[in-house]
Number of protein chains: 2
Amino acid sequence: MQHVLDKAKAAKAASVVLGCMGSAKKNAALLAMAQALRGSAAYILAENEKDLAAGREKGTSKAMLDRLALSDKRIESMAEGLESVAQLDDPVGEVIHTALRPNGLSIGAKRVPLGVVGIIYEARPNVTSDAAGLCVKTGNAVVLRGGSDAIHSNIAVVNVLRGAAASAGIPEDAIQLIDDTSREAATYMMGLNGIIDVLIPRGGAGLIQSVVKNATVPVIETGTGNCHVYIDESADIEMGLNIIHNAKMSRPSVCNAAETLLVHEAVAQAFLPAMQKRLEGVELRGCEKTRAVIGVKAASEDDYYTEYNDYILAVKVVGSLDEAIAHINRYGTKHSEAIVTESYRNAEAFLERVDAAAVYVNASTRFTDGNEFGFGAEIGISTQKLHARGPMGLKELTTIKYIIRGSGQVR
Amino acid sequence: MQHVLDKAKAAKAASVVLGCMGSAKKNAALLAMAQALRGSAAYILAENEKDLAAGREKGTSKAMLDRLALSDKRIESMAEGLESVAQLDDPVGEVIHTALRPNGLSIGAKRVPLGVVGIIYEARPNVTSDAAGLCVKTGNAVVLRGGSDAIHSNIAVVNVLRGAAASAGIPEDAIQLIDDTSREAATYMMGLNGIIDVLIPRGGAGLIQSVVKNATVPVIETGTGNCHVYIDESADIEMGLNIIHNAKMSRPSVCNAAETLLVHEAVAQAFLPAMQKRLEGVELRGCEKTRAVIGVKAASEDDYYTEYNDYILAVKVVGSLDEAIAHINRYGTKHSEAIVTESYRNAEAFLERVDAAAVYVNASTRFTDGNEFGFGAEIGISTQKLHARGPMGLKELTTIKYIIRGSGQVR
C-alpha cells in the first residue's frame, strides 16, 4: 500500500503549506478550478463515458447510471458549486474565545484547518469536486477515495482540479485521489492515524458501517436517515398531508426523506384514507391498527428499521405522544424527525425528548440540508454527536488551536 | 458480557431522564454527592486500604501506590471538586446559533448532553468522582471502567455517589461502574455503538492506543504529551531558564510537562551550562552539538519520541527556527509547545506553524489545564482535532441539536 501512503503523506506535507494561506489565494484557486472544469468538459465527459460504458456492460441499474452520468449541465453545476464556495466567509483564523487570565496570560482559541481530510464515497463524481472545493476553502488537504464505478470520471476531475490549483499557486498535492479502488486500499487508508486527521464516509449504510468498524482515524458518521413524521392528535390534517407528501415523495432517495409515518389513533380515521390518496404510487406497509382503517400490506418489525430510499412508507398508529417518541428513539437513526401538531405542550415535549440531529415542528424533514439551513455548502450530514451534528458546513472542517501569549509566566 | 451490556443500557435509559433535568436539580445532586463522600469517608478509606494492601503484596511501585492512596484530605478534595462543579454555569440548553430563514423556518442550535459517556481509566480513584460529577452536571450518564488496582475504591466511591444521586432525585443508574476489570469487558464496552455515545480514555499511552485501535464508539483521544520548549536565538536567557525549569521539574509525571528542550545554536553556549545547573537532578540526554557544550549522555532517536514522565530531558541544538518547528511537528504529540523569544516574527511563525492543541510564547507548557484556562473543571486534555482540542470543560461534554419551528413549510 505504498502508493496510498505516499499520496497521504504528500497531502500532509501540502496541508502545512495550504493551511497557512490566506483567503484571497484560496478563493482564486477555487475560481481557477471552476474555470478549468468548464474548459475541460469534453475531456471529463469522454472519461465519464468510459465509466458509463463499463456500467452498462455489467448491468448497472438505470438509477445508478443516472447518478454516475455527467453532462455539460452537471459540469457547469460543479463549477458553480466551486464559485459559490469561494464567495463564503473563510472560517480559518477566526478567534472564537479569548481570555486574559489573572496571571497575565492571554489565551485565544483560533479556528485552524483540520489538516488532512479523507473522504470515502461511492458513485457520484460531483462529490469529487464538491469535497475538494470545501477542503481547499478551509485550508485542508483532501484524500479522495471514490468508488470503482466512477474511477475514470474521478481521475479526470482530479487531474483538472490539481492542474488549476497549481496554476493558482496552491500545492496540487493538497488534492489527492486514491485510484486504487480495492477494499484493501480503503481499509489501509482508514488506519493512517497521524497522517489523515478525519475520515468522512459518504454513501450507503454498508459503506458507512464499514468505515465506522474499520477506521482507527477519527470518523464523522454521515447520512443514514431513517426519518419519521408524527401526526399528533391535534394536527392540522391538511398540513400533515402536505408534510408527509413532501417528506416522502419530493425525493425519496435522499437521507432526509421520511421512511415511517406515525399517526395518533384519535386522527387515524381522518388522516389515513386521505394520506393514502395523496401518496398515490407509494407502497404503504401498515401496522394492524393502520390496516383496520386502510387496506395496505402488513409492516414487519424490520420495516421500522429500514431506510427504504424508495417509494415505500411504513405506517404505524400510536396511542400517545410518548409512544411516538419512544418509537422514534428506538428505530430512528437520529437524523431528522418531525411532529405535526397544534399543541404547544406536545411540540415542546417532542423537541426536548426526541434524540436526533434535527427536530421539526410543522415542517418537512427534507429541510435538513446545509443550503436550506443557510450554511451555503455542505460536506455531509452528521448523525453522530461528536464534533458535528446535522448539516456540516465550512466551520465543521476546522478545529481550534489555543494560542497563549505570555511574558515569562511559570506555574 | 451481559453484565456490561445491562449496565450500559441502564445508563442509556437514565440519560434520557437526566438529560431533561434542570440545573437546580443537578446541582443539588452534586452537593449531596459531595456530602455523601465526606460522610462515608471511613467506608471509602477501608475499601481503599484493600486496594493498597493488594498493591503492596504484588510489589506495586511507591509512586503508583501514592496515586492510588486516598486520605481524608483527598476525599475532602474530591468533595470540593463536586461542589465547585455545582457552581459552574450549566452549558445545557444554551442556544448557540439561530437563524430565521426566508421561508419562515426558525432554526436554532441548542446545546444538549452527549447522552452516555464512557470513561476508561487507570489507578486514580479521584477520576471516578470527578468524571461522575462532570457528567451529572452536563446531563450525561456515565459508564466508568477503572483499573483493577483501584477496584475496591471505585466500587465504594460509586456506591456512595449513586446513593446520594438517588436521594437527590436523579436516577442512580446515570452513574455506572463496570466492576469487571478484564480486558474483554473493556473491549466489549468499546463496541457499544448506539448505547455509549463517546469514549474518553484517561491514562498512559498504552491504554489510550488500545482504545483508539479497538473502539468503534467515537473516541476522544487524551493526554499523551511529548511537549517541547524551544529557546530561540533572541530568547531572554533567564526567562528561558525559568520556563524550562518549571516545564520539566514542577510536576514531571503530568502530560503538560516538557520532555525535550530545543536550543538555537547561537545561544547554546550561553544557555546550556546554566540550564544544566538549574535542572540539577534531571538526567539530560543530548545531541552531539549539546554534548560539545555540556557533558551529558547521548540522546537516541527514540528519546525524541519519548514521553518520559520523569526527571529526564532530551536536549537538542537546532540551527534555526524552521528546524525547531520541523522537529516539534515530527516528534511531538500535538499537546503543548512553547517558544521563548524576544522576536515578534519568530513568535508569530511559531504560533502559526506548530501543529498542537496549545502553543505558547514565553510561558510554561504546564498551563495547559482546564483550571488554568479558566474553564473551572476538566474531563481531560484532547490531543485530537475532532470535537475538542486541548483542555475539555463542560461544553465539550455536550453536542447540539437543531430545533426547527415551522408553520407547515415543505420543500
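## Domains

The domain assignment splits chain A into domain 1, covering 2-221 + 384-405, and domain 2, covering 227-367. So you have one domain built from two stretches of sequence and another from a single stretch. Keep in mind that this is a predicted model.

Taken over C-alpha atoms, the centres of domain 1 of chain A and domain 2 of chain A are 35 Å apart.

## Overall build of chain A

On secondary structure, chain A comes with 15 helices and 16 strands. Line its C-alpha atoms up along the principal axes and they fill a box of roughly 70 × 70 × 35 Å.

How does the radius of gyration of chain A sit against that of a compact globule? For 411 residues, such a globule would come out near 22 Å, and chain A has 24 Å, which agrees.

## Packing and contacts

Of the 411 residues in chain A, 55% count as buried. Looking at contacts in chain A between residues at least 6 apart in sequence, 72% of them join residues at least 24 apart.

## How the two chains pair up

Chain A drops onto chain B with a rotation of 180° and 0.0 Å of shift along the axis, at an RMSD of 0.0 Å. The two copies are therefore related as by a two-fold rotation axis. Which C-alpha of chain A is nearest that axis? That of His387(A), at 1.7 Å from the axis.

The interface tells a matching story: 100% of the interface residues of chain A are also interface residues in chain B, so the copies meet through the same surface.

How values were computed:
Residues are numbered from 1 along each chain as its sequence is written. Chains are lettered from A and ligands numbered from 1 in the order in which they are written. This is a predicted model: local features need pLDDT of at least 70, side-chain atom pairs count only at pLDDT 80 or more; totals for chains, interfaces and linings use all residues. Copies are superposed by least squares on the C-alpha atoms of residues with pLDDT of at least 70 in both. Two residues are in contact if their C-beta atoms, placed from the backbone, lie within 7 Å. Helices (H or I, at least four residues) and strands (E, at least two) are DSSP runs, numbered from the N terminus. The radius of gyration is taken over C-alpha atoms; the globule rule is 2.2 Å times the number of residues to the power 0.38. A residue is buried if 20 or more other C-beta atoms lie within 10 Å of its own, exposed if 12 or fewer, and partly exposed in between; C-beta atoms are placed from the backbone.
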